[in-house]
Amino acid sequence: MAKKPISFMLNGRKVETLVEPRELLIHVIREQLNQTGSHIGCETSHCGACTVDLNGRSVKSCTVLAVQAEGGTVLTVEGLPKNGTLHPLQEAFTQEHGLQCGYCTPGMLVRAYRFLQENPNPTEEQIRFGMSGNLCRCTGYMNIVKAVQSAAKKMQAAGGK
Amino acid sequence: MATTAEAVEREQKLQGVGCSRRRKEDARFIQGKGTYVDDIKLPGMLFGSIVRSPYAHARIKSINKAKALAVPGVVAVLTADDLKPVNLHWMPTLGGDVQAVLADKKVCFQMQEVAMVLATDRYAAADGVAQVEVEYDELPAIVDPHKSMAPGAPVIREDIADKKEVGHGPRTHPNHIFTWEAGDKAGTDAVFANAPVTVREEILNPRVHPCPMETCGCVASFDKVAGQLTVYLTSQAPHLVRTVVAMLSGIPESKIRLVGGDIGGGFGNKVPVYPGYVVAIVASIVTGVPIKWIESRIENLSTTGFARDYHGIGELAADKDGRIQALRFTALADHGAFNSHVSATKFPAGLFSICTGSYAIPKAYCRVDAVYTNKAPGGVAYRCSLRVTEAVYLIERMIDILAQKLNIDKAEIRRRNFVKAEQFPYTTALGWTLDSGNYRAALDKVLKAVNYEALRKEQAEKRARGELMGIGISTFTEIVGAGPNKACDILGISLFDSCDIRVNPTGSAIARLGTMSQGQGHATTYAQIIATELGLSSDEIQIEEGDTDKAPYGAGTWGSRSTPVGGAAAAVAARKVKAKAQKIAAHLLEVAEGDLEWDVDRFKVKGNPSQAKTMKEIAMAAHTSNIPDGMEKGLDGSEYYDPPNMTYPFGAYLCVVDIDRFTGETKVRRFYALDDCGTRINPMIIEGQIHGGLTEAYAVAMGQQLVFDSGGNILSNSLMDYFVPTAVETPKWETDYTVTPSPHHPIGAKGVAESPHVGGIPCFSNAVVDAFAHLGVTHMDMPHSAFNVWKTIHKLGLDKHA
């Protein structure tokens, strides 16, 4: 199958690669660009393990074609730390024990990152609804919710960054 | 135990047992730096994808590879005929049966493995799978296990039709696998014949799937020059898998390296050896290039690791006050097309005989009949020791049914039947010796916390108004930590576990264990156990497991055995280190060993505490010549631990549900879970495990089921159709605890991660049924989806508008 060149910003860095038109974004990110933080859990958009941020929206990258990222901006878990400092969400997930096996965690973090931009001061119910596209089988969600709440507070205190 | 403020401060710095310290494994996971099997990428690696049967039961007339081989990128197509020359088209199962690695002339369940396409990437492999042409002759399928042993039923396993047994005693029908029983049948029957009260109920534990977030997979890499096989594999038991691979392949076990890496949840799904692994390994041995095989979610739910499918009948005999005199439980077990059921050799029905629960029941008998059907093989335990959920579900449902029959309160009937605190250790009628417990105290604490009497009062008022409110209680006893080596083995290998500790000169340490974390936090909790034993900071104790070239042999992590067996090995190995350290300290301080006492992180001279040597100082000395004459250098210790008994964690749970009488929707208003897992190592991690276990219990009770149509087509093999709760549906959990240490475990710990699953499921069911108890309903099978509950409502006519 003829390959097509694509280029997009991945975690603040311009990447260029050749993809088949049918190739999925998650496979290109993981297998060609070697950013294996984002995971594959279902390949049907249900579980959210592959969640990345594409042009300011959370997307399930297992059902997005890589060519759709052409010219766009993609953020994965690898892009969350700033200047070598962990994002408040990353700190909060470990502080509140919001992860166990770690498989859903990158998708959770990237979704929470976008969610808190959409709603910087959410209630518990809003967090539960806002995170409901991401499944976790280990934690029962309580500590994930706590982690998002605690990160929101810290980010608010730090000026909404 | 530290006594002075200064000693307490030193103890806190260790972050040992009892400390809710942050997890050591988190740093890589929150930064996307875990190494799961699909992250492994080796030079020249091919991708394997499996051609699967569309039929539940069919003969294979022909397989034509030509079109697939013409697909760009496809390198090979393997079928049973290609595996025959190496005699690997069939493999032995852990259940004493054999299983087709790739279907040999016949398929026996839908989605069975027929061929593997090897290609340069996953897209080409998928293209190749689509082009493999298989001609089938469909045969009638058996879906209902009750019909498996009917006269004239289609024979599912022609390959063993004439075999008198498949590992576990005589067979009475070609579709019969085994019959297993325990207890005193005649004595039990006699009690039932004369009992003042008896109850009987048919109770299903539906076929479900553990569905971890990461599916199963492997990367097999055979180095032809060195004769060395490396397999990165999603395994909860890498050492056992290495042994199986050695037996199957003939490669010396010393030249096989299994690497567990990071595992994205297991819950039982990742204990067995699956055909996909075997084909990938064979393909790598034949081609000499690395082969990756990763399941899709649909393949995962369809083929690997179902659990349960126990069609039970529960019976209790009691006196008029509800004191149980005898128990008689039977189950028809649907094991699918191959008996690849995972269990210790002598326990074909797992630990089902724990079914007497938390109650002192004088006479008991249980029996399990296992049969073949045209469904995926198995099964595994889903977050429980094998068949424990089935057993606990039966007793916890049956005691409620007895309470209803006698009009006794459901908490009170439990109090009347509990094994009393002073009766421990208590040997049950079916032969298990419960190590410790205080069931009544646990239940009373929960009832007080939720104000049980007020809840019952509210329920009575709601019933009077026609509203549906249910209160469920579960007072369960778990059985974990397989197991005592006299009784427990797999493939003849005893179920011990191991720990190997090496203390470095500067006082940090590395410990390697035979278990395998899948999210339980072993890198943290094992370090905490060793920290407390040795007086070294858990921050400086590195834990390694899962790489068979590094870790000592062990049976792995399943059946909540890590803390009971691996944790015990860690404590005992640390005590061996400490014993040597004491000798060195005595030498350094020029006193007798008996003149020393342990103080958090040091040995001090009794009566002269300023004379002391810290473990760090001793560690350095152990690597110098300043040690007793004749002592070898170093500060190491290792232990292969054979547990003297299983451990028996327990708990008391209470659930309150409100049910919409028009839609059947069930809202969990409250779930209060008290767990007693003995000594608590890391309360934060324990609580996390309980949240997760309760959520999986909620999933099973309220929605999960692998559903088949009459042709054996699986109807629930994607996350669209198989229920995994999101943060929205998942109830909020309230947790509590008591501490009743295990008397035989070195630190008194019992294991905890499975309790909330085992104890939680009956609690939900008991709550849902309780909402209808005043209307004469004694049982409703899981899952309690809105539709299923509505069916009960509708049958009772409750959905009529006034």
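## Starting in chain A

Where in chain A is the place of V110(A)? In this predicted model, V110(A) sits in helix α3 of chain A. The residue has 29 C-beta neighbours inside 10 Å, so it counts as buried.

Who surrounds it? Leaving out residues up to four places away in sequence, V110(A) touches T51(A), V52(A), D53(A) and S58(A), along with L75(A), T76(A) and V77(A). You can also look at V59(A): it is 51 residues from V110(A) in sequence, yet the C-alpha to C-alpha distance is 9.8 Å.

## A hairpin in chain A

Some of those contacts lead to a hairpin. Strand β3 (residues 51-54) of chain A pairs with strand β4 (residues 57-60) of chain A in the antiparallel sense, over four bridges. Within that pairing, D53(A) stands opposite S58(A) in β4(A), and both D53(A) and S58(A) are on the contact list of V110(A).

Two residues lie between the strands of this hairpin, and N55(A) takes a positive phi near 50°.

## Where the chains meet

At the interface, 43 residues of chain A are in contact with 42 residues of chain B. On the chain A side, the elements giving two or more residues are α2 (88-95), α3 (105-118), α4 (124-130) and α5 (142-157) of chain A. Helix α3 of chain A, by the way, is the one that holds V110(A).

As for chemistry, the residues on the side of chain A that touches chain B split into 20 nonpolar, 18 polar and five charged.

## Chain B at a glance

Chain B has 19 helices and 33 strands. Its C-alpha trace spans about 85 × 75 × 50 Å along the principal axes. For 802 residues, a compact globule would have a radius of gyration near 28 Å, and chain B agrees with that at 28 Å.

Of those 802 residues, 60% count as buried. Taking contacts in chain B with a separation of 6 or more, 80% are between residues 24 or more positions apart.

## The seven-stranded sheet

One piece of chain B worth tracing is an open sheet of seven strands with mixed pairing, in the order β3-β7-β1-β14-β11-β12-β13. At its edges stand β3 (74-79) and β13 (256-259) of chain B; each has a single partner strand, so one side of each is left without a neighbour in the sheet. From one strand to the next, the twist averages 20°.

At the β13(B) edge, strand β12 (residues 228-233) of chain B runs parallel to β13(B), and four bridges join them. Y232(B) has V259(B) in β13(B) as its bridge partner. Two helices lie across parts of the sheet. Helix α7 (residues 238-249) of chain B crosses β12 and β13 of chain B, at about 145° to β13(B). Helix α8 (residues 275-287) of chain B lies across β1, β3, β7, β11, β12 and β14 of chain B, at about 20° to β11(B).

## Strand β1 of chain B

Is β1(B) enclosed or open? Seven of its seven residues are buried, so β1(B) is largely enclosed by the rest of the structure. L46(B), G48(B), I50(B) and R52(B) point one way, while F47(B), S49(B) and V51(B) point the other.

β1(B) has partners running in both senses. With β14(B), the pairing is parallel over three bridges; with β7(B), the strands run antiparallel and are joined by six bridges. G48(B) takes part in both pairings: its bridge partner in β14(B) is W293(B), and in β7(B) G48(B) stands opposite L118(B).

## Core and a buried helix

How many residues does the largest nonpolar core have? The count is 305, and the residues with the most contacts inside this core are V117(B), I530(B) and A570(B). Setting aside neighbours within four places in sequence, A570(B) is in contact with C499(B), A511(B), L513(B), Y526(B), I529(B) and I530(B).

Finally, look at helix α16 (residues 615-622) of chain B. Six of its eight residues are buried, so the helix is largely enclosed by the rest of the structure. The buried ones are M615(B), K616(B), I618(B), A619(B), A621(B) and A622(B). Their cover includes β24 (497-503), α14 (522-534), α15 (562-589), β28 (602-605), β29 (608-614) and β30 (635-641) of chain B.

Methods:
Residues numbered from 1 in each chain as written. Chains lettered and ligands numbered in written order. Predicted model: local features only at pLDDT ≥ 70, side-chain atom pairs only at ≥ 80, totals over all residues. Pairing = 2+ DSSP bridges. Axes fitted to C-alpha atoms, helices over the stretch in contact; angles between N-to-C directions. Contact = placed C-beta atoms within 7 Å. Buried ≥ 20, exposed ≤ 12 C-beta atoms within 10 Å, placed from the backbone. Core = buried A, V, L, I, M, F, W, Y, C linked by C-beta atoms within 7 Å. Nonpolar A, V, L, I, M, F, W, Y, C, P; charged D, E, K, R; others polar. Rg over C-alpha atoms; globule rule 2.2 N^0.38 Å.
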